[in-house]
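Reader: Could you walk me through how to read a model like this one? I'd like to take it feature by feature.

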Amino acid sequence: MHDDTVPIPRITDEPEKPAGREREPGHGHNHGHGHGPAEPASRNVRRLLTWLLLPFALASVVGVVLLYPTGDTPSPANGQQEPVRGEVVATSLGSCDGGVQVGTPDPACLVVTVRMSDGPAPGKEIISRSPNEPSTPRFTVGDKIVLAYSGGDPAKGESYRVVDFQRGAPLAVLAVVFALAILVLGRYQGFAALIALGLSFLVLLLFVLPAILTGENPLLVAVAAAGVIMFIALYLTHGFSARTSVAVLGTMISLVLIGGLGALFSAATDLTGLDEDTALLLGTLGHGLDTRGLLLAGLVIGALGVLDDVTVTQASAVWELRRANPLLSWRELYAAGLRIGRDHVSSAVNTLAMAYAGAALPVLLFSYVSGADLGTILGSQSIAQEIVRTLVGSVGLVACVPVTTVVAALVASREPATAPAKPRTSSRPRA
């Protein structure tokens, strides 16, 4: 069986087939069984897609090369803190200074005794005291926790700070369950998707984070990384074909639109990008950072996965429509694909809005109980930036549907078409 996918960069001298013409039965080796067009795209179609995608590919690669950090990643201003694992052996409420001062009310503190598993004093027990506030985590005997060691006497509790729980084991189990679910359902394509996911995280860890920390423009870094991730993820998962190239093209155009609109409206609404997490980051680094650019970078990367879903679905829908009825013109393919896209984009926009609302739920709750009027709540920094993220991302999603659909219709209508596989009929005589 001929493969229906051909890498875009390879251009051959194969003569172009007339649009919409089917192979006659008994000629050639057409063994298509409902897997899309059996023949590759024509030379002109491949050449067109190559020239359309080449600027995006070059821009992504050049962007990564120019923005790649060459210096050392800046260290925290207050020094590097060593993570130390330990186990809680006792908890109680007690004095915050280890004793009671006569005549002075002493606030209650959460006193945690920890036996350290590693670090500078493994096996030793230290006592950590934290103010007993609603935001203080509650620990019980047997909890596995992480402490931060900032130096000093390793036998004293003042040298350590309780940071968080250990979550490595349950997260590893969840990751294995996720991978098995993908492999069982997707099989080879699921395996390719997992490889693409791993490579995407490598791009984030090895390029995006170090580049932003060294002072590069976060928006440019995010756009360059998004381009590389899209080419890797889509081609690795869906194969080298005209169908995948159309999805990549629609995704890249939409990402550029999202980046531009995000920059425009974040400036128009005077968004600073300064929230609690960003302020903590700046305090840790001890130097300035383009916080608005960081906000835009999160917008681009956050919209990446949803755009991938919509563009691949639209391209596949157009190809399936073409296979089901090879006589459809590109305009008819576009109209039918757009009807499918309207249903898809409406649910995708709701998904994007609920994802941002879920991430901002604590901020929404705080704004709700503050007693401020609706205009003040919506205009606050924390809420306004989520509104910009949601609306700009939604505009990009809406735009990617007609863009991807029209390109897919133009390309699919010029590919050799095969009739859908006929259902097998039983040769057993009727009763």
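Reader: Among contacts in the protein chain between residues at least 6 apart in sequence, what percentage join residues at least 24 apart?

Author: Happy to start there, and do keep in mind that this is a predicted model. Counting contacts between residues at least 6 apart in the protein chain, 72% join residues at least 24 apart. As for the secondary structure, the chain comes to ten helices and five strands, and 36% of its 431 residues count as buried.

Reader: Let's take one helix, then. How many Å should α3 span, and how far apart are its end C-alpha atoms?

Author: The idea is to set an expected length beside the one in the model. At 1.5 Å a residue, the 21 residues of α3, residues 218-238, should span 30 Å, and the end C-alpha atoms are 29 Å apart, which agrees.

Reader: What do I find at the two ends of α3?

Author: At its start, Asn 217 has a side-chain oxygen that reaches to within 2.9 Å of the backbone nitrogen of Leu 219. After the helix comes Gly 239, with a positive phi near 85 degrees.

Reader: How many residues of α3 are buried?

Author: The count is 15 of the 21, so α3 is largely enclosed by the rest of the structure. The cut-off for buried is under 20% relative accessible area.

Reader: Now for pairs of helices. At what angle do the axes of α6 and α7 cross?

Author: For a pair, look at the distance between the axes, the angle and the handedness. The axes of α6 (residues 291-324) and α7 (residues 330-359) come within 10 Å and cross at roughly 155 degrees. Angles over 145 count as roughly antiparallel, and α6 and α7 are therefore roughly antiparallel to each other. Their crossing is right-handed.

Reader: Which residues meet where α6 and α7 come together?

Author: Before the names, a general point helps: an α-helix has 3.6 residues a turn, so residues three or four places apart point the same way. Here, the α6 side includes Leu 299, Gly 302, Ala 303, Val 306, Val 310 and Thr 313. Among those they meet in α7 are Ala 336, Gly 337, Ile 340, Gly 341 and His 344.

Reader: Asp 309 is in that α6 set as well. Is Asp 309 buried or partly exposed?

Author: Asp 309 counts as partly exposed, at 40% relative accessibility. Its C-alpha atom is separated by 9.5 Å from that of Thr 251, 58 residues apart along the chain.

Reader: How are α4 and α6 placed relative to each other?

Author: The same reading works here. The axes of α4 (residues 242-268) and α6 come within 8 Å and cross at roughly 150 degrees. That makes α4 roughly antiparallel to α6, and the crossing of the two is right-handed.

Reader: Where is Leu 271, and what is it in contact with?

Author: Leu 271 lies in the loop between α4 and α5, and at 1% relative accessibility it counts as buried. Leaving aside neighbours within four places in sequence, Leu 271 is in contact with residues including Ser 266, Arg 292, Leu 295 and Ala 384. Leu 271 and Ala 384 are 113 residues apart in sequence, yet 7.7 Å apart in space from C-alpha to C-alpha.

Reader: One last residue: which helix holds Ser 394?

Author: Ser 394 is found in α10, residues 381-412. Ser 394 is buried, with a relative accessible area of 10%. Beyond its neighbours within four places in sequence, Ser 394 is in contact with Val 349 and Leu 352.

Definitions and conventions: Residues numbered from 1 in each chain as written. Predicted model: local features only at pLDDT ≥ 70, side-chain atom pairs only at ≥ 80, totals over all residues. Heavy atoms only, no water. Helix = DSSP H or I, 4+ residues; strand = E, 2+ residues; numbered from the N terminus. Expected span 1.5 Å × (residues − 1). Buried < 20%, exposed > 50% of the residue type's maximum accessible area, 1.4 Å probe, protein only. Polar contact = N/O pair within 3.5 Å; in protein donor to acceptor, adjacent residues only side chain to side chain. Axes fitted to C-alpha atoms, helices over the stretch in contact; angles between N-to-C directions. Parallel < 35°, antiparallel > 145°, perpendicular 65-115°, else oblique. Left-handed = near helix turned anticlockwise from the far one by under 90°. Contact = heavy atoms within 4.5 Å.
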